[in-house]
2 protein chains.
Amino acid sequence: MRSRTSARAQITDVAARARVSPATVSRVMNGHASVAADLVERVLSAADELGYRASPVARSLVLGRTQTIAVMVPDMANPSFQEVLRGITRAAAADGYRVLVADSQEDVTQEPGLAREARRHCDALVLCAPRMSDAELAALVPALAPVVLTHRGPTPGVPTSSADYRGGIAALLDHLAGLGHRRLVYLAGPPSSASHRRRLEGIAAHVADHPGLSVDVLPCGVGFEEGYAAGEAVRRSGATAALAFNDLVAMGLLSALHEAGVAVPEEVSVTGFDDIPFARWTTPPLTTAAVPHGDLGQEAWRRLRALLDGEEPPPDVLVHPEVQVRASTGPARAEGAA
Amino acid sequence: MRSRTSARAQITDVAARARVSPATVSRVMNGHASVAADLVERVLSAADELGYRASPVARSLVLGRTQTIAVMVPDMANPSFQEVLRGITRAAAADGYRVLVADSQEDVTQEPGLAREARRHCDALVLCAPRMSDAELAALVPALAPVVLTHRGPTPGVPTSSADYRGGIAALLDHLAGLGHRRLVYLAGPPSSASHRRRLEGIAAHVADHPGLSVDVLPCGVGFEEGYAAGEAVRRSGATAALAFNDLVAMGLLSALHEAGVAVPEEVSVTGFDDIPFARWTTPPLTTAAVPHGDLGQEAWRRLRALLDGEEPPPDVLVHPEVQVRASTGPARAEGAA
DNA sequence: TTGAAAGCGTTACCAC
DNA sequence: GTGGTAACGCTTTCAA
């Protein structure tokens, strides 16, 4: 019944139909006060009849902002990045911002280019766990502003939302030491990971403070397979407890241990890191340092929004992971027993 | 040393520096032939010195396209949607397109509005597992074109990349029947899920074809908790095998069964659906119908790209899930034994 | 081959 | 309060 133009209605169409100027239509559509009530009415109904919606691209051009931010992650398949991505997306959506994803696919050499490129299309950028060096990061950041960082310690001039990996691993170590463990192994993350380096620092400090405690570092990685492959080395190490770089590695290790007939936690205790949703559902359920990634994402957004609004961003947040004690850790087996 | 303007260089700046017109700069930057070699040279070096990059927004306005697509998912926390999102993102990135994510947070009422909104900012849209009714979907789709669908059966005029859930559940049923199971339960997904309804059809057809086989349908859901909560009902049902709506539900169930001291698969066999990366690492590893979500995402992109290029999209793809036999399924326990 | 100028669809400044 | 109109930064006819 109603007339339909094939092309989308534009502001001039609405203006013509409402017998006002485009300027007035714009004012009405954007809720600017000071438009006579009857004109508002005419414009609104004209817009409604035409199904008019302003072109976001045209608005972006004149306004100089896109209402979109970009989020760069090293790997979209990693649950912890998925959680922060989700946290950011929801928080940003609540404020009327959209998010563009950029996946660097764990390729460090791509990061700077990808970040620049993503940033050009958006109003701001969040860098999740960038793998590039501190020097590269520092050099890049000015060109990226407004920008915030997650999963990575303080960087001058960049608001940060991160976790205390150092403290988290220390808390795990405390938990294990309390259970009588003295010989431990740490299944290391990739050297390019800043959060891995923080864990290493935490371990070193803890060992220095606790004579009689030893922690061997076993090169490992970030995924199931790598944790699984480390099973043999863990057994040979003679350690009574293993700290995995993250929950994925822990799950791989759990699997290898189970297959080898090694009882967890009776013979070997295992801890993860992150507390991804799956950690609660492993067999046995995984003791891990809980990092609220969704909250980190939300906090990252708060800082970005402040930057976008020209305000002072809240101070850096460093959430302290809390040890979630579950069934994968228990008292150390008697010395000498294997 | 080098001069720096605080604002970004624009096409006119490059033109001035190279002593050519903006039109020529545009032609050079876009690789249009028919520009004298020396001018190309001058423009290129001027652009380089100024660090010039064309404004994507301005280009979008004049070109009428953004080089961006939107992907709407019901829940970013669900591994299978994460996988298709990842597949789409990578495939699109390879073709120079970016992706915007829209999370409907499992709220059906939000879907139409969110889809429209997301679409307006992009050149095209992919709808992952939309929960809205067929009628709503059919009504909405014309306003969304170009659009493709995943996780959902054929819809007139919309290229689709989906899996044969009906066949997948049938294959699982075959596997279980072959192991001697006769009394089964299906832990149902949400009624609004189209793929759940396909599974139901597959079950009905299979039961009709196999007298002596019974499958009870237990209302359940999509997540760990729901699978966990169903543990009690599964035990009481007397079934020797349980088919979970997806891997998450299966993991929850596995956990409940383990806690209750029910041996899997000796007393009860359990199957999942999707074969998310975690399925390989549960205890016992989960038998499941493998859906290559990454590939589905990639195929969705191929269709979208064809649409964007004004070409005929490839025919709908319906991948056939393959049963991944792992340790969570085994021979049915003897009749009467409980 | 090159340049001038007309858009692309808005918003916002400046008059009236 | 309302309406012209100049941007926003680029691409692309149309002439030369």
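Of the atoms of DNA strand C within 4 Å of the protein, what share belongs to sugar or phosphate, and what share to bases? In this predicted model, sugar or phosphate accounts for 70% of these atoms, and bases make up the rest. DNA strand C is surrounded by 26 residues, of which Ser26(A), Arg59(A), Thr24(B), Arg27(B) and Ala36(B) are the closest. By class, the surface near this strand consists of 14 nonpolar, eight polar and four charged residues.

Polar contacts to DNA strand C involve both backbone and side-chain atoms of chain B. A backbone N or O atom of Ala36(B) is placed 2.5 Å from a phosphate oxygen of the strand, and a backbone N or O atom of Ser21(B) lies 3.1 Å from a phosphate oxygen. Arg27(B) addresses a base: a polar atom of its side chain lies 2.7 Å from a base nitrogen of DNA strand C. The elements that give two or more residues to the surface near DNA strand C are α2 and α4 of chain A and α2 and α4 of chain B. The largest share, four residues, comes from α4(A).

DNA strand D has 25 residues around it, and Thr24(A), Arg27(A), Ala36(A), Ile11(B) and Arg59(B) come nearest. Of the atoms of DNA strand D that come within 4 Å of the protein, 74% are accounted for by sugar and phosphate. The surface near DNA strand D comprises 14 nonpolar, eight polar and three charged residues.

Phosphate oxygens of DNA strand D are approached from both protein chains. In chain A, an N or O atom in the side chain of Thr24(A) is 2.6 Å from a phosphate oxygen. In chain B, a polar side-chain atom of Ser26(B) lies 2.8 Å from a phosphate oxygen, and a backbone N or O atom of Ser55(B) lies 3.1 Å from a phosphate oxygen. Two or more residues each are given to this surface by α2 (22-29) and α4 (56-63) of chain A and by α2 (22-29) and α4 (56-63) of chain B. With four residues, α4(B) gives the most.

Within chain A, the axes of helix α8 (residues 165-178) and helix α9 (residues 194-209) come within 7 Å and cross at roughly 45°. The two helices are therefore oblique to each other, and their crossing is right-handed. Residues of α8(A) in the contact include Tyr165(A), Ile169(A), Leu173(A) and Asp174(A), and those of α9(A) include Arg198(A), Glu201(A), Ile203(A) and His206(A). By class, this contact has six nonpolar, three polar and five charged residues.

Note on methods. Residues numbered from 1 in each chain as written. Chains lettered and ligands numbered in written order. Predicted model: local features only at pLDDT ≥ 70, side-chain atom pairs only at ≥ 80, totals over all residues. Heavy atoms only, no water. Near = heavy atom within 4 Å. Polar contact = N/O pair within 3.5 Å; in protein donor to acceptor, adjacent residues only side chain to side chain. Nonpolar A, V, L, I, M, F, W, Y, C, P; charged D, E, K, R; others polar. Axes fitted to C-alpha atoms, helices over the stretch in contact; angles between N-to-C directions. Parallel < 35°, antiparallel > 145°, perpendicular 65-115°, else oblique. Left-handed = near helix turned anticlockwise from the far one by under 90°. Contact = heavy atoms within 4.5 Å.
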